[in-house]
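Visitor: Could you take me in for a close look at one part of this structure? I'd like to hear about the salt bridges, please.

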Amino acid sequence: MVSATVGRGAVLGAVALSLLAVPARAATGSPDARATSAHPAPDSRAAARPAPDSRAAAARPAPASPAPALAAPDTTGLAAVLGSAVTQGAPGALALIDDHGRTYQATRGVADRATGRSISTADRFRVGSVTKSFSAVVLLQLVDEHRLSLDAPVNDYLPNLLPDDRITVRHVLSHRSGLYDYSNDMFADSVSGFEAVRKKVFTYRELVALSLKKPRTNAPGAAYSYSNTNFVVAGLLIEKLTGQSVKTAYQDRIFKPLKLSDTFYVHPDMAIPERFARGYLTPDAAGAPLVDATTQTVSWAQSAGAIISSARDLDTFYAALAGGKLLSAGRLADMERWTKVNSTTGYGLGLRRRDLSCGVSVYGHTGAVQGYYTYAFTTKDGGRSLTAVVNTSNNAKVLDTLAATLEPAFCGKK
Ligand code: REY
């Protein structure tokens with residue numbers, strides 16, 4: 001189903017409406033859902049955003065070179081991509097675009113295989129490594145507050161934590177530390193690996209110790225090598241510098257100021273607060289039944305991947321970040337200094353950049369945690385955001401398909 005509506009407050013209403021009224025239109029490939037929406041109120045986003053505080057007022061980045069004009073989202077194309085994900089084995093798929101306060105949504109399949117409840121864009125889910133953007137924002141706020149220096153060694157703040165004093169905070173946040181990703185070994189067999197940690201509670205230092213059993217992947221700063229260990233170190237830094245849990249830091253610095261009412265950090269609790277899509281891990285053995293992975297501590301990831309959120313909240317988060325509401329212009333520029341990952345992808349500090357076929361680049365993160373894949377990206381100015389989610393993981397075809405939501409969302413019809 002596809003639908004569009006205007007203004008943040010109307011989203012939930014539109015979900016209910018789309019469940020009742022839209023499937024036939026979506027299924028028959030009838031005209032783009034935008035045609036049915038009311039006139040967009042240009043300032044509806046502004047009304048729904050948190051009131052600017054002093055940080056925000058000081059923080060708006062200087063306007064960069066104008067971004068290319070965006071084509072209207074292709075909601076029919078977006079819904080077709082979600083349909084492919086379901087055909088490839090995802091129980092359900094959802095996408096929510098916020099374009100300057102006007103929302104477009106598409107859903108396919110179910111949130112719960114037992115009850116058959118249709119998935120909804122209002123459903124909460126585990127965001128996986130999208131959490132890394134939240135952790136980076138907290139640390140960059142601490143840089144703004146002169147409590148942390150990006151080019152200082154991690155060991156200056158956490159004496160003797162790492163075996164190499166040359167590893168800096170910037171190396172860690174850009175995945176250039178060379179710290180081995182302990183999760184590679186943990187999930188070598190996907191289902192038994194998951195079941196072994198589903199209920200476990202790790203300390204950050206235990207996770208770092210797992211990483212340090214293996215040689216570093218590169219000298220500090222020498223290469224990009226994605227590793228959850230880096231964002232476990234980020235969690236340790238947050239707790240050391242703030243004297244608070246990461247939960248409190250996320251809440252006080254991001255969730256509450258942005259009024260992210262669907263966003264939680266419940267570690268080590270195992271449940272997702274209502275209401276949520278159940279997540280199903282795809283076993284490695286072809287044809288084996290999906291494993292309901294919804295309930296877990298996510299202690300293996302914590303500050304690298306344990307946040308729970310919704311599409312609306314992730315759209316709001318990245319729009320606020322890109323719009324200068326969370327960081328000073330200088331720190332946002334630090335976050336957007338790119339290490340090349342491949343020809344169309346860069347990694348900043350807890351932030352990915354994807355270059356699309358239409359010349360538009362988008363900024364956000366991807367997430368993979370047992371049962372859920374997430375894509376959450378926004379434009380340079382935060383004007384248009386997309387969150388797309390499937391409630392399965394360990395399915396490479398579905399992950400590739402989910403990546404294909406970016407083109408219809410930001411480039412429009414082909
Ligand atoms: C962890 C394994 C992937 C997921 C990971 N996720 O590092 C971080 C991220 C937090 O980038 C698991 N894969 C799956 C396997 C592969 O078990 N054998 O797909 O559910 O979001």
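Guide: Happy to! Let's start with a network: Asp144, Asp151, Arg170, Arg331 and Asp334 are linked by salt bridges. Keep in mind that this is a predicted model, so everything here is computed from it. Zoom in on one link of that network, where the side chains of aspartate 334 and arginine 331 meet with N and O 2.8 Å apart. How far apart are these two in helix H15? They are 3 residues apart in that helix, which spans residues 329-335, so about one helical turn separates them. Aspartate 334 has a relative accessibility of 11%, and because buried means under 20%, aspartate 334 counts as buried.

Now step outside the network's list of names. Across the whole structure, a search finds 21 salt bridges, so let's visit two others from the search. One of them joins the side chains of aspartate 164 and arginine 166, at 2.8 Å from N to O. Are its two partners buried or exposed? Aspartate 164 is buried, with a relative accessible area of 16%, whereas arginine 166 is exposed, at 55%.

The other pairs arginine 198 with glutamate 195, and their closest N and O atoms are 2.8 Å apart. Here arginine 198 is the buried partner, at 12% relative accessibility, while glutamate 195 is partly exposed, with a relative accessible area of 38%. So in this pair the arginine is buried, but in the pair before, the aspartate is buried and the arginine is exposed.

How values were computed: Residues are numbered from 1 along each chain as its sequence is written. This is a predicted model: local features need pLDDT of at least 70, side-chain atom pairs count only at pLDDT 80 or more; totals for chains, interfaces and linings use all residues. Side-chain values use heavy atoms; hydrogens and water are left out. A salt bridge is a side-chain nitrogen of Lys or Arg within 4 Å of a carboxyl oxygen of Asp or Glu. Buried means under 20% relative accessible area, exposed over 50%, partly exposed in between (1.4 Å probe, protein chains only). Helices (H or I, at least four residues) and strands (E, at least two) are DSSP runs, numbered from the N terminus.
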